[in-house]
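Me: I'd like to learn how to read helix packing and strand pairing in a model. Can you take me through this one?

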Amino acid sequence: MSQQSNMRIDADRLWDSIHEMAKIGPGVAGGSNRQTLTDEDAKGRELFQDWCDAAGLSMGIDEMGNMFARREGTDPDALPVYVGSHLDTQPTGGRYDGVLGVLGALEVVRTLNDLNIKTKHPIVVTNWTNEEGTRFAPAMLASGVFAGEHERDWAYDREDADGKRFGDELERIGWKGDETVGERKMHAFFELHIEQGPILEAEGKQIGVVTHGQGLWWLQVTLTGKDAHTGSTPMDMRVNAGLGMARITELVHKIAMDNQPGAVGAIGQANVYPNSRNVIPGKAVFTIDFRSPEQEKLDGMKARLEAEAPGIADDLGLGIEIEVAGHFDPVTFDEGCVIAIRNGAEALGYSHRDIISGAGHDACWINKLYPTAMVMCPCVDGLSHNEAEEISKEWAQAGADVLLHAVVETAEVVG
């Protein structure tokens with residue numbers, strides 16, 4: 001029992017693995033560019049498979065390219081404990097987003113092998129395809145198909161900016177499996193991730209015990225006005241789509257502020273047309289991102305935007321269309337899995353606090369089917385989706401140590 005209560009992962013091995021993976025698809029500023037279903041993604045998968053083979057794991061691959069590396073348990077009838085995240089990155093992504101979760105899961109298995117610890121339940125290290133959604137929208141695509149949120153063929157038909165289909169690219173890189181998506185059953189699922197926010201570092205906490213995940217509404221707004229010369233069109237005769245976007249941007253901020261605490265909102269993607277220095281924009285297309293862990297607030301923000309934005313457009317003589325570009329409800333993670341993570345942090349003496357995930361993760365979809373929870377470690381200044389994303393080896397170790405203990409508690413040590 002003392003060995004199990006004090007066991008920790010090999011921090012050097014985990015750290016070396018993370019930075020070895022970062023050599024594949026390096027970014028221009030020290031981060032990573034290993035977008036889903038690219039040649040770089042294929043090479044990252046090959047390296048991950050090599051490491052899994054060396055750890056004695058058997059690999060399964062489903063029709064969405066999800067990778068499942070299995071360590072056998074002592075009970076052939078016991079459902080496996082799944083643990084993992086994603087290896088794909090943003091075009092200018094960091095080295096740790098997703099990667100820490102996959103390689104931290106692999107390190108859990110390596111540590112159990114080193115200590116010759118057997119578990120009743122099998123343990124399956126998982127790499128989910130296209131979590132980022134940067135090349136093929138939406139994000140968390142393959143785990144969404146696994147959870148029954150999306151149809152497989154609909155996912156295959158997603159296109160990137162060059163018109164290439166997800167299904168075709170999956171076949172091209174050679175990682176389309178024949179296993180039916182979603183047929184696997186789980187005892188539980190755990191995901192380790194960097195926080196992607198500033199709270200843990202600011203409070204000096206080593207571990208975030210994730211109890212909830214924010215829900216999200218993405219609303220794409222199209223405003224239609226009239227292109228006109230900026231120098232010769234009188235101010236009172238303009239139909240300025242850019243002005244409408246500016247006023248709706250203020251509305252989005254006000255809606256989020258009126259719903260404090262526990263709500264955020266912003267416009268992160270915006271385009272005006274024809275986007276010329278001396279032309280008043282005749283069209284603006286932008287996406288609003290509302291998030292909250294509270295369903296009533298989340299839906300209320302969407303409803304208020306849909307009620308008030310048309311009035312802004314009407315005052316300026318603009319046409320307006322509002323479309324849903326993405327959505328998922330707030331998530332409450334499984335109490336038993338959350339307790340296992342908290343137990344691990346306390347047993348190891350790591351400082352910790354409960355936290356709500358501000359970003360979406362594969363765990364959010366899997367939680368709809370099976371008991372799920374997440375553990376987080378800090379990242380410097382809360383920065384993520386940026387090549388300057390940074391964590392310390394000590395933070396990585398703490399997160400993986402807690403993951404190890406939560407997985408072992410759930411998978412049940414034998415002997």
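Reply: Sure, let's begin with a helix contact, meaning heavy atoms within 4.5 Å. Here S17, E20 and M21 in helix 2 meet G44, L47, F48 and W51 in helix 3. By class, the residues of this contact of helix 2 with helix 3 are 4 nonpolar, 2 polar and 1 charged. This is a predicted model: local features need pLDDT of at least 70, side-chain atom pairs count only at pLDDT 80 or more, and totals for chains, interfaces and linings use all residues. Residues are numbered from 1 along each chain as its sequence is written, and side-chain values use heavy atoms, with hydrogens and water left out.

Me: At what angle do helix 2 and helix 3 pack?

Reply: Angles run from 0 to 180 degrees between N-to-C directions, with axes fitted to C-alpha atoms over the stretch in contact. Helix 2 (residues 11-21) and helix 3 (residues 39-54) pack at about 150°, and their axes are 10 Å apart. So helix 2 is roughly antiparallel to helix 3 (over 145 degrees).

Me: Now the strands. Which residues of strand 3 and its partners stand opposite each other?

Reply: Two strands pair if DSSP finds at least two bridges between them. Strand 3 pairs with strand 5 (residues 123-127) in the parallel sense over 5 bridges, with S85 opposite N127. Strand 3 also pairs in the parallel sense with strand 6 (residues 188-194), over 3 bridges, and there V81 stands opposite A188.

Me: Why is strand 3 largely enclosed by the rest of the structure?

Reply: Because 5 of the 5 residues of strand 3 (residues 81-85) are buried (under 20% relative accessible area, 1.4 Å probe, protein chains only). Both faces are covered: V81, V83 and S85 on one side, Y82 and G84 on the other.

Key:
Buried means under 20% relative accessible area, exposed over 50%, partly exposed in between (1.4 Å probe, protein chains only). Helices (H or I, at least four residues) and strands (E, at least two) are DSSP runs, numbered from the N terminus. Angles under 35 degrees count as roughly parallel, over 145 as roughly antiparallel, 65 to 115 as roughly perpendicular and the rest as oblique. Ala, Val, Leu, Ile, Met, Phe, Trp, Tyr, Cys and Pro count as nonpolar, Asp, Glu, Lys and Arg as charged, and the others, Gly among them, as polar.
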